[in-house]
Each structure stands twice: as C-alpha cells, then as structure tokens.
Amino acid sequence: MVAAMPRDPGVEQLLAEHPDAVATTAQRVRSTLLTAHPQLEERVRTGWHSINYRDPRAGFVCAIFPGADRVQLVFEHGARLPDPGGRLSGTGRQVRTLEFRDEGDVEPDVVVHFLDLAVDLGAALRAR
C-alpha cells in the first residue's frame with residue numbers, strides 16, 4: 001500500500017475565491033486524483049492559480065485550474081496521451097485538458113484513466 005503524501009492546506013484558500021459550484025467540482029476532481037494515486041505530491045501555485053500534482057517517479061503530471069465557471073484538469077504531456085475518444089481538448093504541442101462545468105461532469109473512470117496514462121508516460125520520459 002502506498003502512503004499518502006501530505007496535502008497542501010492552501011487548497012481551501014484557493015478554492016474559497018470561487019463560486020461554490022466551481023469549488024465543489026474542483027474538490028471532486030482532487031479527491032478522484034488523490035484516491036487513485038495517493039503518492040501524488042500536492043502543491044498550490046498561487047501565481048498560476050492552480051493545484052499541481054507531482055508523482056515521485058513521473059515528475060509533474062497534472063494540475064487543476066479552477067476558473068470563473070469551470071474547472072480544467074491539465075495534463076503536462078497530454079498531447080502524447082492516447083485519446084481515441086477525443087475526450088481531451090487543446091491544440092498546443094504539449095498539454096491537453098479535461099474540462100468540467102459542474103460536479104456531475106466529473107467521471108472518475110475517465111479522470112483515473114488519463115491520470116494512469118500520464119503517470120506511466122511521465123515515468124517513461126524520466127527513465128530515458
């Protein structure tokens with residue numbers, strides 16, 4: 001069993017700046033990430049207005065970006081992740097995003113699927 005990493009107490013303060021629906025959605029995404037991968041290090045980045053997640057083997061994997069009316073889960077190497085269903089958005093060369101308008105949009109199986117892929121990819125990239 002993997003020991004859970006300490007959680008950043010700044011999350012509550014960051015989310016307090018948002019409407020309840022956004023904060024609740026972000027907390028659901030957060031809970032899904034941390035339940036699936038308790039080894040993730042969590043760190044609030046106030047300059048980026050994000051909650052960042054780092055895996056001990058894979059490095060920086062993803063970040064939650066709460067916005068005015070939605071939450072984005074951004075995968076650092078998302079452009080390299082297989083996405084035959086077209087769930088990820090973005091057209092840049094590196095990141096891809098899952099976007100959630102409300103708590104009901106958060107499908108834990110989808111989030112965990114992409115998180116698993118992102119951790120495996122990050123670990124493989126760092127092992128080179």
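The following questions and answers describe the fold, the strands, the core and the salt bridges of one predicted protein model.

User: What kind of model is this, and from which number are residues counted along each chain?

Analyst: This is a predicted model, in which local features need pLDDT of at least 70 and side-chain atom pairs count only at pLDDT 80 or more, while totals for chains, interfaces and linings use all residues. Side-chain values use heavy atoms, with hydrogens and water left out, and residues are numbered along each chain, as its sequence is written, from 1.

User: In what order do the elements of the protein run from the N terminus on?

Analyst: The protein has 3 helices and 5 strands. Helices (H or I, at least four residues) and strands (E, at least two) are DSSP runs, numbered from the N terminus. From that end on, the order is α-α-β-β-β-β-β-α.

User: What is the radius of gyration of the protein, and why does it count as compact?

Analyst: The C-alpha trace spans about 40 × 35 × 30 Å along its principal axes. The radius of gyration is taken over C-alpha atoms, and the globule rule is 2.2 Å times the number of residues to the power 0.38. For 128 residues this rule gives 14 Å, and the protein is close to that value, so it is as compact as a globular protein of that length: its radius of gyration is 14 Å.

User: What percentage of the residues of the protein count as buried?

Analyst: Buried means under 20% relative accessible area, exposed means over 50%, and partly exposed lies in between (1.4 Å probe, protein chains only). The protein exposes about 7,100 Å², of which carbon and sulfur atoms supply 51%; such areas come from the Shrake-Rupley method with a 1.4 Å probe, and for residues only the protein chains shown count as cover. Of the 128 residues, the buried share is 42%.

User: Which residue in S2 is the bridge partner of Glu 42?

Analyst: Two strands pair if DSSP finds at least two bridges between them. S1 and S2 run antiparallel and are joined by 5 bridges. They form a hairpin with 4 residues between them, and His 49 in the turn has a positive phi of about 55°. Within this pairing, the partner of Glu 42 is Tyr 53.

User: Why is S2 described as largely enclosed, and how many of its residues are buried?

Analyst: S2 also runs antiparallel to S3, with 5 bridges between them, and a hairpin of 3 residues joins the two strands. S2 is largely enclosed by the rest of the structure because its buried residues number 5 of 6.

User: Which residue in S5 stands opposite Gln 72?

Analyst: S4 and S5 pair in the antiparallel sense over 5 bridges. S5 is mostly covered, as 4 of its 5 residues are buried. The residue opposite Gln 72 is Glu 99.

User: Which element gives the most to the largest nonpolar core?

Analyst: A nonpolar core is a set of buried Ala, Val, Leu, Ile, Met, Phe, Trp, Tyr and Cys residues joined through side-chain atoms within 4.5 Å. The largest one has 34 residues, and those with the most contacts inside it are Leu 33, Ile 64, Leu 73, Phe 75 and Leu 98. At least two of its residues come from each of helix H1 (10-15), helix H2 (20-36), S2, strand S3 (59-66), S4, S5 and H3. The element that gives the most, with 9 residues, is H3.

User: What percentage of the contacts with a separation of 6 or more is between residues 24 or more positions apart?

Analyst: Contact means heavy atoms within 4.5 Å. Leu 73, for instance, touches residues that include Val 29, Leu 33 and Val 111. In the protein, the share asked for is 52%.

User: How many residues apart are Arg 54 and Glu 41, which meet in a salt bridge?

Analyst: A salt bridge is a side-chain nitrogen of Lys or Arg within 4 Å of a carboxyl oxygen of Asp or Glu. The side chains of Arg 54 and Glu 41 meet in one at 3.9 Å, N to O. This pair links distant parts of the chain, with Arg 54 in strand S2 (residues 50-55) and Glu 41 in strand S1 (residues 41-45), at a separation of 13 residues.

User: Which residues are joined into one network by salt bridges that share partners?

Analyst: The whole structure holds 8 salt bridges. In one of them, the closest N and O atoms of Arg 101 and Glu 99 are 4.0 Å apart. Shared partners join these two with others into one network: Asp 69, Arg 70, Glu 99 and Arg 101.

Conventions. Lists of a residue's contacts leave out its neighbours within four places in sequence.
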